[in-house]
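Colleague: I would like to go through a few local features of this model. Please give the reasoning with each reply.

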Amino acid sequence: LPISEDKIIRTDFGRDVSLDLSAPTKEYAALMYPLTQVFDWDRWQDGFDQHWRGNEHEGVRDTFRAFKRQVLENFKSYRVPVISLDRATSKEAVCVVFEKVNTGGKALDAFELVTAMYAAEGHELRKDWYGNDEHKGRHRRFVDTMRPADSQAGIIANVSNTDFLQAISLFYTRDRRRDAERAGKSGKELPAVIGNRQALLNLPLSAYKQYEKQVEHGFVQAAKFLHMQHIYRIFDLPYQSQIVPLAAILADIGEAWEHEANRAKLVRWYWNGVFGELYGSAVESRIARDFMEVPRWLQGGLEPSTVTEVIFRADRLKTMRMRLSAAYKGVNALLMKEGAQDFRSGQKFDHTVFFGENVDIHHIFPQDWCKKQGIKPAIYDSIINKTPLSFRTNRIIGGVAPSEYLTKLEKGDKQTPAIERNRLDEYLRTHLIDPTILRSDDFETFMRDRQRQLLELIEKATGKAAYTGDVSEDGVDVGGDADMVEAEMVITS
């Protein structure tokens with residue numbers, strides 16, 4: 001029975017006392033045994049027997065003796081299982097034991113296991129990450145990085161503690177590989193550069209301390225990089241997993257990423273990862289490869305495999321219909337990055353306008369209009385028929401034909417000033433929309449023309465020509481994130 005610290009249970013908002021156990025005599029009378037006395041019952045039993053003395057209370061005393069045999073003695077005789085490990089036991093073996101004895105509870109992740117290992121050396125890893133009353137932890141600092149005033153979290157708020165350890169592991173394993181190369185080893189003798197679970201369990205505290213500040217700075221720089229690509233919300237982030245190699249690369253090259261030539265290459269690498277849909281699965285080996293290959297590329301080396309391996313199908317645009325697609329989010333960000341202006345206000349979607357005007361992805365040919373024309377959702381929901389617009393502009397568009405809502409924007413109303421036709425046409429062109437085609441309400445011609453323009457935009461971002469792939473006749477995707485499964489590999493060169 002749980003009770004308050006004063007051992008009194010009250011009802012009616014504290015006015016009535018239903019049970020008072022504030023003194024041992026009251027415990028005896030109520031036959032309520034305090035759990036704190038399970039290993040020291042003799043003194044409590046003496047008081048209990050004295051309270052219930054006399055032959056007429058022999059039955060009550062027998063009840064306590066039965067309670068002691070059946071309940072209390074189980075505590076005293078309980079055997080606690082112990083597994084003894086000497087100092088020679090490897091960390092891997094310790095972790096295996098740790099996990100095996102924890103099978104009845106929540107599965108332990110790598111961070112918890114590393115926390116336990118570092119604790120043996122006197123370091124509080126959880127404090128580093130979660131902080132305390134006097135210290136803002138790394139997680140809180142990531143949440144606050146590039147966080148808008150009216151938002152609860154910034155773009156890197158979902159970076160996990162294992163993501164952070166993974167980035168550090170990339171540096172540590174690269175150090176080991178370089179040491180092996182200097183020692184004259186080659187080929188299979190060289191240790192792999194990797195950031196998988198096993199690598200985290202092998203990450204020594206000394207390596208963590210050596211790289212933690214540098215890697216944290218890399219993640220902060222990654223947030224700035226993403227904002228430069230007009231990716232402001234976690235909701236619009238193409239791949240959470242791609243932040244890890246991005247942060248590790250930026251941490252490695254330092255201020256060099258601020259130079260225009262290097263930044264242009266980083267931008268190209270990033271969008272190839274997005275439109276190649278390469279960070280959807282089996283990402284550990286790709287993260288390691290990019291960490292090794294991208295900095296070498298910046299120094300004049302070969303293009304990284306994330307750039308050379310990418311194939312973007314032209315018809316893929318038709319099948320991008322949901323936010324789950326990284327490429328879908330990528331098109332939206334590229335449009336804003338290239339200077340798309342709101343149909344109504346003419347404002348470009350920088351950080352302030354994006355949040356202040358509640359910008360999101362909206363249909364160009366409205367859903368209601370498309371349904372009335374008998375156009376299938378699989379077609380009109382494509383990213384080809386969508387673009388970033390403010391909430392107020394989308395309300396004005398409503399569900400009417402483009403020619404009708406464009407006329408409404410030109411005439412204006414009490415809340416929205418009139419817009420000159422030529423100026424409105426310029427706004428449309430910034431979204432890669434041909435004004436003449438849109439004003440004619442010609443959906444099929446519009447879709448073909450805008451697909452062409454969007455492909456040119458993607459080709460510009462990736463530096464590669466699109467590939468003419470195949471899509472089933474009903475518009476159902478025959479590829480994409482779920483199908484771009486990369487074979488698991490380890491860096492060997």
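The exchange below takes up three helices in turn.

Modeller: Keep in mind that this is a predicted model.

Colleague: Is Ser305 buried or exposed?

Modeller: Ser305 sits in helix H14, which covers residues 305–308. Its relative accessibility is 10%. The cut-off for buried is under 20%, so Ser305 counts as buried.

Colleague: Which residues does Ser305 touch, leaving out those up to four places away in sequence?

Modeller: Contact here means heavy atoms within 4.5 Å. With sequence neighbours up to four places away set aside, the residues that Ser305 touches are Arg286, Arg289 and Glu293.

Colleague: What separates the C-alpha atoms of Ser305 and Asn272?

Modeller: Along the chain, Ser305 and Asn272 are 33 residues apart. In space, their C-alpha atoms are separated by 9.9 Å.

Colleague: Where does H13 bend?

Modeller: Helix H13 runs over residues 284–298 and has 15 residues. From its first C-alpha to its last it reaches 22 Å, close to the expected 21 Å. The bend in H13 is about 25°, and it falls at Asp290.

Colleague: How many residues of H13 are buried?

Modeller: H13 is largely enclosed by the rest of the structure. That follows because the buried residues number 13 of the 15.

Colleague: Which residue just after H13 takes a positive phi?

Modeller: The phi in question is about 105°. The residue just after H13 that takes it is Gly300.

Colleague: Which residues does Thr115 touch, with the same neighbours left out?

Modeller: Thr115 lies in helix H5, residues 110–119. At 13% relative accessibility Thr115 counts as buried. Not counting residues up to four places away in sequence, Thr115 touches Leu125 and Arg126.

Definitions and conventions:
Residues are numbered from 1 along each chain as its sequence is written. This is a predicted model: local features need pLDDT of at least 70, side-chain atom pairs count only at pLDDT 80 or more; totals for chains, interfaces and linings use all residues. Side-chain values use heavy atoms; hydrogens and water are left out. Helices (H or I, at least four residues) and strands (E, at least two) are DSSP runs, numbered from the N terminus. Buried means under 20% relative accessible area, exposed over 50%, partly exposed in between (1.4 Å probe, protein chains only). The expected span of a helix is 1.5 Å times one less than its number of residues. The bend at a residue is the angle between axes fitted to the seven residues ending there and the seven starting there.
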